[in-house]
Amino acid sequence: MQKLLFNSPALCYNEIVKGSRKERISVYLKFQNDVREQHNVFAAVQNDLFPLLSLSVMAAGEFRCGKNYLTEREGYNCYLMLFTLGGQGKLAYRGKTFTVKPDTVMLIDCNEWQKYGTDGKDWHFRFVHFSGTAAAYLYDNITAGDRFVIPVRDTVTFRAALNELFSAPRVVLPQEFLKCSAALGEAFALLLSEQNSAENRVRPRARILRAKEIIEKNYAKPVSLDELAAECFLSKFYFVRLFRLHTGFSPGAYLRSFRITQAQNLLKSTDDGIEEIAERVGYTDVSAFIRAFRQVTGLTPNQFRNL
């Protein structure tokens with residue numbers, strides 16, 4: 001169990017309870033106070049339920065900050081979720097700098113060095129320091145790929161979850177702990193849902209890129225529709241629809257066009273015969289090659305070579 005005891009301009013302490021022993025761990029903290037207004041600021045009074053929750057709210061609040069607001073910290077054993085309501089902030093974290101705009105969530109591990117403050121004239125935000133048995137899992141999944149500032153699309157639902165959390169200002173009784181944990185869980189559920197939705201929009205493009213890569217690497221060999229669909233983990237029907245949507249071609253037409261492009265290069269750069277070129281680009285029947293070449297270019301291979 002952890003409790004923030006006090007802070008000074010440069011240093012504060014965590015008190016970690018391990019069995020019957022208490023240990024103090026120093027926490028670096030530099031705080032430049034330019035908070036113009038603050039609302040619903042509270043710290044949880046921890047009890048035996050606290051370490052058992054999947055998400056435990058440690059402290060929360062709403063700040064309206066001026067241009068000089070700044071927090072620089074390291075070694076605080078919790079995570080921070082910060083939702084920007086207005087103005088703009090800037091975050092330095094893990095060797096990168098992020099702009100924190102309205103309707104975005106900033107999510108960081110306060111054990112690691114971080115510095116964040118107002119970027120411009122003002123910054124209005126709500127913040128939640130939290131821990132819990134699921135905290136690390138949620139943090140790792142949502143911030144994968146260095147996504148430490150995440151745009152929120154359904155801001156109405158997200159704000160409603162935060163409103164529910166901030167409606168329990170004391171957080172002393174077990175039911176208040178559970179209420180805060182549930183509200184924070186709703187906020188995380190929305191972030192995960194939106195993340196999965198975004199990934200599902202990206203995943204089809206990635207699959208079609210994979211199919212194109214297979215075609216372009218193996219065009220000289222037989223390439224079957226069944227194999228391509230299987231490589232993309234899609235049904236043949238859906239794969240063909242998706243491929244046409246993203247490329248403008250059916251898979252067969254794309255393969256044919258790519259083969260003929262390679263044949264054009266060989267016709268201009270080598271003295272190889274038509275039959276040999278046909279075989280090199282994946283045609284075992286020279287007549288089929290000539291027909292395909294004419295369909296794509298409007299010329300026979302010999303006519304193209306003699307241009």
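## Contacts around arginine 73

Two residues are said to be in contact when heavy atoms of theirs lie within 4.5 Å. In this predicted model, arginine 73 touches Val27, Tyr28, Leu29, Leu80, Cys110, Glu112, Trp113, Gln114, Tyr116 and His129, if residues up to four places away in sequence are left aside. Arginine 73 itself belongs to strand β6, which covers residues 70-74.

Which side chain of opposite charge is nearest to arginine 73, and how far away is it? That side chain is aspartate 109, at 9.1 Å, and arginine 73, although buried, has no salt bridge. Since a salt bridge requires a side-chain nitrogen of Lys or Arg within 4 Å of a carboxyl oxygen of Asp or Glu, the 9.1 Å that separates arginine 73 from aspartate 109 does not meet the cut-off. The side chain of arginine 73 does, however, make polar contacts: one with the side chain of glutamine 114 at 2.9 Å, and another with the side chain of tyrosine 116 at 2.8 Å. Glutamine 114 and tyrosine 116 are also among the residues that arginine 73 touches.

## The protein as a whole

The protein contains nine helices and 11 strands, and of its 307 residues 43% are buried. When contacts between residues at least 6 apart in sequence are considered, 67% of them join residues at least 24 apart. The accessible surface amounts to about 16200 Å², and carbon and sulfur atoms account for 51% of that surface.

## Two loop residues with positive phi

Arginine 94 is not a glycine, and yet its phi has a positive value, near 50°. This residue sits in the loop that runs between β7 (79-93) and β8 (96-100), where arginine 94 is partly exposed, with a relative accessible area of 42%.

Aspartate 103, likewise a residue that is not a glycine, has a positive phi of about 65°. Its place is in the loop between β8 and β9 (104-109). Is aspartate 103 buried or partly exposed? With a relative accessible area of 28%, aspartate 103 is partly exposed, because the buried class is reserved for values under 20%.

## Cysteines

The count of disulfides in the model comes to zero. Cysteine 65 has a relative accessibility of 3% and therefore counts as buried, and cysteine 180 counts as buried because its relative accessibility is 1%.

Definitions and conventions. Residues are numbered from 1 along each chain as its sequence is written. This is a predicted model: local features need pLDDT of at least 70, side-chain atom pairs count only at pLDDT 80 or more; totals for chains, interfaces and linings use all residues. Side-chain values use heavy atoms; hydrogens and water are left out. Helices (H or I, at least four residues) and strands (E, at least two) are DSSP runs, numbered from the N terminus. Buried means under 20% relative accessible area, exposed over 50%, partly exposed in between (1.4 Å probe, protein chains only). Lys and Arg count as positive and Asp and Glu as negative; His and the chain ends are not counted. A polar contact is a pair of N or O atoms within 3.5 Å; within protein, one must be able to donate a hydrogen and the other to accept it, and residues adjacent in sequence count only if both atoms are side-chain atoms. Accessible areas come from the Shrake-Rupley method with a 1.4 Å probe; for residues, only the protein chains shown count as cover. A disulfide is a pair of cysteine sulfur atoms within 2.5 Å.
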